[in-house]
Amino acid sequence: MQTLESPQSSTSAAPLDTVIHRRKTRPVPVGDITIGGGYPVVVQSMINEDTLDISGSVAGIRRLHEIGCEIVRVTVPSMAHAKALAEIKTQLARTYRPVPLVADVHHNGMKIALEVAKHVDKVRINPGLYVFEKPKTNRTEYSESEFQEIGDKIRETLEPLVISLREQGKAMRIGVNHGSLAERMLFTYGDTPEGMVESALEFLRICESLDFRNLVISLKASRVPVMLAAYRLMVKRMDELGMDYPLHLGVTEAGDGEYGRIKSTAGIGTLLAEGIGDTIRVSLTEAPEKEIPVCYSILQALGLRKTMVEYVACPSCGRTLFNLEEVLHKVREATKHLTGLDIAVMGCIVNGPGEMADADYGYVGKQPGYISLYRGREEIKRVPEDQGVAELINLIKADGRWVEP
């Protein structure tokens with residue numbers, strides 16, 4: 001008779017590691033926030049107001065910051081926009097508080113970047129656009145001398161900005177986008193993650209040669225597999241080169257609605273689970289404020305930050321003894337402000353106590369019309385269903401873990 005080999009005893013095997021071990025990176029200060037260096041993963045977003053609209057920009061920045069956005073990015077397409085940031089920063093400090101600001105600089109932006117560097121905490125440049133290369137329609141290749149000539153031009157235009165940021169103790173993000181690689185990178189490496197990584201490394205080497213290392217790197221793409229490959233390759237190349245720069249994660253142009261959120265989570269969450277990533281932005285075609293809850297949900301689901309109540313709830317089945325969806329909604333509405341708790345809502349006793357073993361509190365259907373309330377694995381009381389939510393609150397209050405909304 002065929003038999004199966006006995007599995008190794010679980011008592012002798014080493015326990016599986018369920019903690020995400022983040023890649024070690026250097027700390028990069030951005031205002032009063034630090035990216036990398038073991039600090040919590042930082043949440044970012046970007047206002048959509050025109051930077052010339054000073055009062056509108058101040059209001060947009062404040063709205064984002066008040067709901068948990070820790071670093072806010074603004075676009076700076078002209079010198080007038082760069083100078084407007086001085087007043088935006090002043091008004092924020094006067095009417096609210098200082099907020100870490102990042103300026104986006106594109107298209108031959110050296111003069112703009114030098115001006116805006118006076119007023120923000122970090123400057124983001126796109127290597128594919130910072131020194132714009134006018135494409136030649138009949139080009140078939142780049143000669144070595146042509147490649148080097150443009151490299152020299154990049155260094156010439158980047159050096160003053162690097163020196164300015166270095167002397168001010170500020171930061172730079174080298175933000176590569178798959179959709180805007182420079183022409184010579186496309187000719188040399190193709191439309192590939194390799195081209196994205198080499199584009200970033202070219203700028204990194206210039207910064208390092210000028211003893212500037214307050215750097216954050218991003219390699220965004222609108223296709224998740226390309227984004228994943230680029231970041232993984234960047235980590236591999238940095239490890240080979242002894243670099244430890246923090247990474248800004250994002251799926252660019254993710255779209256809107258449910259799919260935009262799923263797409264962003266697939267890319268950002270996958271890398272974070274591998275220990276890659278120090279700051280994130282979920283890019284949605286919606287109001288910027290809609291991005292922040294998605295960021296925090298990703299971080300909470302992975303156990304990287306605890307910013308809200310964690311709800312454990314079964315999917316409902318024929319054994320469920322109450323309207324699970326309705327009860328979960330009531331429990332959530334009553335307790336969602338209690339940052340840091342795990343609360344389980346389980347429809348029956350079959351899976352309830354076991355599936356919710358890690359929860360702080362449990363709300364379990366044990367018999368028709370009655371609810372069992374748990375503290376951890378211990379059943380505390382059984383109450384009529386219509387008193388369940390109120391008695392759960394009383395239990396939390398009795399433990400001294402309740403705060404008023």
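**View 1. Cys69 sits out of the solvent.** In this predicted model, Cys69 has just 1% relative accessibility, so it counts as buried. Cys69 isn't part of any disulfide, and the nearest cysteine sulfur, in Cys295, lies 7.8 Å off.

**View 2. Cys295, the neighbour that doesn't bond.** Cys295 comes in at 0% relative accessibility, so this cysteine is buried too. Why is there no bond from Cys295 to the closest cysteine sulfur, in Cys69? Because the gap between the two sulfurs is 7.8 Å, too far for a bond, while a disulfide needs the pair within 2.5 Å. Across the whole structure the disulfide count is zero.

**View 3. The largest nonpolar core.** This one brings together 81 residues. Leu158, Leu161, Met172, Met234 and Leu247 have the most contacts inside it. Helix 8, spanning residues 224-241, gives the core its largest share, with nine residues. There's also a second, separate core of 22 residues, with Tyr311, Val331, Tyr363 and Leu373 among them.

**View 4. Around Leu247.** Leaving aside residues up to four places away in sequence, Leu247 touches a mixed crowd, including Val216, Ile217, Leu219, Tyr231, Met234, Val235, Met238 and Ile276. Arg23 and Asp278 are also among its contacts.

**View 5. The largest pocket.** Its volume is about 260 Å³. What kinds of residue make up the lining of the largest pocket? Seven are charged, three polar and one nonpolar. Among the lining residues you'll find Arg73, Asp104, Arg124, Arg173, Lys220, Glu253 and Arg281, along with Met46, Asn177, Thr252 and Ser283.

How values were computed:
Residues numbered from 1 in each chain as written. Predicted model: local features only at pLDDT ≥ 70, side-chain atom pairs only at ≥ 80, totals over all residues. Heavy atoms only, no water. Buried < 20%, exposed > 50% of the residue type's maximum accessible area, 1.4 Å probe, protein only. Core = buried A, V, L, I, M, F, W, Y, C linked by side-chain atoms within 4.5 Å. Helix = DSSP H or I, 4+ residues; strand = E, 2+ residues; numbered from the N terminus. Contact = heavy atoms within 4.5 Å. 1 Å grid on protein atoms, 1.4 Å probe; cavity = no way out; pocket = protein on both sides within 12 Å on 5 of 7 lines; lining within 4 Å. Points joined across faces, edges and corners; volume = space filled by probe spheres on them. Nonpolar A, V, L, I, M, F, W, Y, C, P; charged D, E, K, R; others polar.
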